Amino acid sequence: MRQLLDKIETRQQLVRETIERLRAQITELTEQLATAEHTLERLEITRETVLELATEDGTPAPESLPPGYRDILTLFEQNGDGLRAKDVCHTLGLGIEPRHTEGMRAKLKRLVNRDLLTEPEPRPVHPDPVGTGRPRDQLNLKSDEHPQNTL
């Protein structure tokens, strides 16, 4: 019987140590969470301030691009030629089935409609470097546009 009680005591000590380790981790994670939340709050305030200042100057507020669109524009920055939807899908590793290429074609059309890409003829599309809807030097983004931040 004494052996059984010793085993229980040993197990209790291990569980107590585990509890203390977990509490320490929770404390550390709570501090990290508070830091991240504070940073996010500061970034939100900064964004609001920038948008307010832009509005005061009469500058329209930029819209953020979703990550998938940023990846597409980055691909066009790196590529020297026009690309078809299937080529973009293949390069981004999305698959080349019709459901993927049609979805990509819709994204490319949206970027063309926002004057970030040009489509000199049906397919392939190119970046629109000056926002005129006409191609210039194949693939260049607008010099005043940053694909990570604006549409």
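Reader: Which residues of helix α3 are buried?
Author: This is a predicted model, and in it helix α3 covers residues 85-92. A residue counts as buried when its relative accessible area is under 20%. Within α3, those that count as buried are Ala85, Val88 and Cys89.

Reader: Where around the axis of α3 do they lie?
Author: The buried residues Ala85, Val88 and Cys89 cover an arc of only 100 degrees around the axis, which puts them on the same side of α3. An α-helix has 3.6 residues a turn, so residues three or four places apart point the same way. The place asked for is therefore one and the same side of α3.

Reader: Which helices do the buried residues of α3 pack against?
Author: Packing here rests on contact, that is, on heavy atoms within 4.5 Å. By that criterion, the partners of the buried residues of α3 are two helices, one at residues 67-78 and another at residues 98-113, namely α2 and α4.

Reader: Which residue follows α3, and what is the sign of its phi?
Author: Directly after α3 comes Gly93. The phi of Gly93 is near 70 degrees, so by definition of the sign, its value is positive.

Reader: Which residue lies over the face of Tyr69?
Author: A search of the whole structure finds zero aromatic pairs. The face of Tyr69 is nevertheless covered by a residue at 5.7 Å from the ring centre, and that residue is Lys107.

Reader: In what order do the elements of the protein run?
Author: The protein has four helices and two strands. Read from the N terminus on, their order is α-α-α-α-β-β.

How values were computed. Residues are numbered from 1 along each chain as its sequence is written. This is a predicted model: local features need pLDDT of at least 70, side-chain atom pairs count only at pLDDT 80 or more; totals for chains, interfaces and linings use all residues. Side-chain values use heavy atoms; hydrogens and water are left out. Buried means under 20% relative accessible area, exposed over 50%, partly exposed in between (1.4 Å probe, protein chains only). The arc is that of the directions from the helix axis to the C-beta atoms. Rings of Phe, Tyr and Trp (its six-membered ring) pair if their centres lie within 6.5 Å; planes under 30 degrees apart count as stacked, over 60 as edge-to-face and the rest as tilted. A charge sits over a ring if NZ of Lys or CZ of Arg is within 6 Å of the ring centre and within 35 degrees of the ring normal.
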